[in-house]
Amino acid sequence: MAFWTLYKRELSSYFQSVVAYIVLFGSALAQGMVFITLTNFIAQQNYKDQSVFQIFFTCAIFWILLFVQVPLITMRVFSEEFKLGTIEMLLTAPVREWEIVLSKFFGALTFFLILWLPVVLDQVALQLFSNPPPPVSWGQYGTTALTIVLVGAFYVSLGVFTSVLTKNQIISAVLCFALIFATFFVALQKWQQHLDAFTLSWISYVSLLEHFGHAVQGLFDTRPIVYYVSMTAFVLLVTQRILLGRRLKG
Amino acid sequence: MIEVENLSKTYSGVHAVRNISFHVNKGEIVGFLGPNGAGKSTTMKVLAGYLPPTDGKIRIAGYDVITESLEVRKRIGYMPENVPLYTDMRVNEFLRFRAELKKVARRRIKDRVETVKELCHLKDVGSKIIGTLSKGYRQRVGLADAMVHDPDLLILDEPTIGLDPNQIRSVRDLIRDLGKHHTILLSTHILSEVELTCGRVLVIHRGRIEASDTPANLTRLVRGGGSILLEVKAPSADVVARIQPLPNIEDVEIVLPGTGDWTVAKIFAKPGVDVREDIFGVVRQNNWPLRELARVKATLEEAFVELTQD
Ligand SMILES: Nc1ncnc2c1ncn2[C@@H]1O[C@H](COP(=O)(O)OP(=O)(O)O)[C@@H](O)[C@H]1O
Ligand SMILES: [Mg+2]
């Protein structure tokens, strides 16, 4: 299947890219610093019911990191191929557009998840070596990990979409950031006054603040799953249509 | 193998290709010849399924380029202009990647990659990173890529551009060799290239096909296929005045208005008529000292200039 061939190439290309390494080290550094700071803070204050984990996934630095990582990962996926002209080689090979779009999407998503591995290691270390161990259950870890994957998938799909629009990586990254920020902005509207119950229920349905808020408590909910999976699928479909349109419309 | 009917391609208002039609039969090596900006690359991009035509119908191996694009792409080996490659990959890795993409059976991949590396003289750079290769090597990696799945049809956009003379010769030999089993459409703006490799030439100019014939016939077409070179000791004006009125003479052109009193003239006759005897008659009558009277075969270059003149 061409998908696997393309996926392997896509993933390995991150490890040839300077930008990808910068993002990788930058993320690990930021994650590590936040982790150490929070651990010290909790140890000093002697909190019993709070964990590093819960604070981390609901703090501002986490959002900033998330919003910056994705555009930097995805900006190149199509833009660079347009710029270098390699898209011509790719599109004249006997591969289907959806195979190209999916391979780029899963390649970027895989790299995105690799960026979060240090946090997993930090948590494992904390779980194993701290006494008493942090008050976090496996359920909480599971729902949080799932939410990271789902939100990551949606944002990565937005990045793949903005990358297919332009051969300029900067424009692609800025557009992607703007779209991601728009989803955050919608979530912030919850604190507006005079909102009716219906609007509020919609805001909480799409609010990633709430999704993470619930996830760190270990609450499993199918609605965010439906929301993120369908949004991701929709954005990828639009991307595929745009790519296909280049071949069909004169 | 290729059937193009009334193909037009417009880039947001710029007419790159205007209503062209041509056929390429199985087993032919056809050269697309034209000056820069003539529309060669555009036509090839449309044939390869990269760009949609603005208008027209194209079938390759019986499949429609737009509606059956995947079938067409399976059968084509396309080398784009300027050979865009993934510069971070190694040659071996890249060729294996492309072979997989082009659905070469898994057990044949190694074999095919070795074969095309052999054919394109890439044996010694297999483990080099493409970004570090010279233009000539990259060109050959592009060529190897185009052939790796052993396609029926090769579409090569300027395959020898940027190569040194030795490399050009080896690519030419390779193309001629491939032509024994494949159909090839190649583009070039170098005349000697088509003369040496192609069975047929399509001359394209300003998006239109100006001629389609064998290189030999094309040169014959131009001013009867040749001219006569005359060098005599006489004033240029006299030479024109005496020779022009002879029967079957189309044109007398002064090449050099004489060193000392010597004049060099180029004389064009009607097709198929040998006028050397008549010219010698004039020379003898006037007692002009004679240095040279020779027939010069027209070159494809002249045909090209004639066809693409404004
Ligand atoms: N992407 C493009 N956008 C606009 N005009 C283009 C584009 N590509 C080519 N052209 C124009 O189309 C014409 C034909 O170009 P091309 O097919 O590249 O010619 P050739 O390969 O024979 O040199 C030229 O006038 C060129 O400027
Ligand atoms: Mg060209």
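**Ligand 1 and the sheets of chain B**

Helix α1 (residues 40-47) of chain B supplies the largest share of the shell around ligand 1, with 3 residues. Keep in mind that this is a predicted model. That helix also packs on an open sheet of 6 strands in chain B, so it's a handy place to start looking around.**Around ligand 1**

- Ligand 1 is surrounded by Tyr11(B), Ala16(B), Pro35(B), Asn36(B), Gly37(B), Ala38(B), Gly39(B), Lys40(B), Ser41(B) and Thr42(B).
- Sorted by character, the shell has 4 nonpolar residues, 5 polar and 1 charged.
- Two backbone contacts go to oxygen atoms of the ligand: a polar backbone atom of Ala38(B) sits 3.1 Å from one, and a backbone N or O atom of Gly39(B) is 3.0 Å from one.
- Ser41(B) joins in with its side chain, placing a polar atom 2.7 Å from an oxygen atom of ligand 1.
- On its own, ligand 1 would expose 560 Å², and the protein buries 61% of that.

**The six-stranded sheet**

- Read across, the strand order in chain B is β6-β7-β8-β3-β9-β10, and the pairing is mixed.
- The edges belong to β6 (76-79) and β10 (208-213) of chain B; each has a single partner strand, so one side of each is left without a neighbour in the sheet.
- From one strand to the next, the twist averages 15°.
- Strand β9 (residues 200-205) of chain B runs antiparallel to β10(B), and 5 bridges join the pair.
- Within that pairing, Leu202(B) stands opposite Ser212(B) of β10(B).

**Helices on the sheet**

- α1(B) touches β3 (29-33), β6, β7 (153-157), β8 (183-188) and β9 of chain B, and its direction makes about 150° with that of β8(B).
- Helix α5 (residues 135-147) of chain B packs on the sheet as well, touching β6 and β7 of chain B.
- The direction of α5(B) makes about 165° with that of β6(B).

**β1, β4 and β5**

- Strand β1 (residues 2-11) of chain B pairs antiparallel with strand β4 (residues 55-60) of chain B through 5 bridges.
- Ile2(B) has Ile60(B) in β4(B) as its bridge partner.
- Ile60(B) also stands opposite Tyr63(B) in β5(B).
- β4(B) is joined to strand β5 (residues 63-64) of chain B by 2 bridges, again antiparallel.
- A hairpin links β4(B) and β5(B), with 2 residues between them.
- In that turn, Ala61(B) has a positive phi of about 50°.

How values were computed:
Residues numbered from 1 in each chain as written. Chains lettered and ligands numbered in written order. Predicted model: local features only at pLDDT ≥ 70, side-chain atom pairs only at ≥ 80, totals over all residues. Heavy atoms only, no water. Near = heavy atom within 4 Å. Polar contact = N/O pair within 3.5 Å; in protein donor to acceptor, adjacent residues only side chain to side chain. Areas by Shrake-Rupley, 256 points an atom, 1.4 Å probe, with all protein chains shown as cover. Helix = DSSP H or I, 4+ residues; strand = E, 2+ residues; numbered from the N terminus. Nonpolar A, V, L, I, M, F, W, Y, C, P; charged D, E, K, R; others polar. Pairing = 2+ DSSP bridges. Axes fitted to C-alpha atoms, helices over the stretch in contact; angles between N-to-C directions. Contact = heavy atoms within 4.5 Å.
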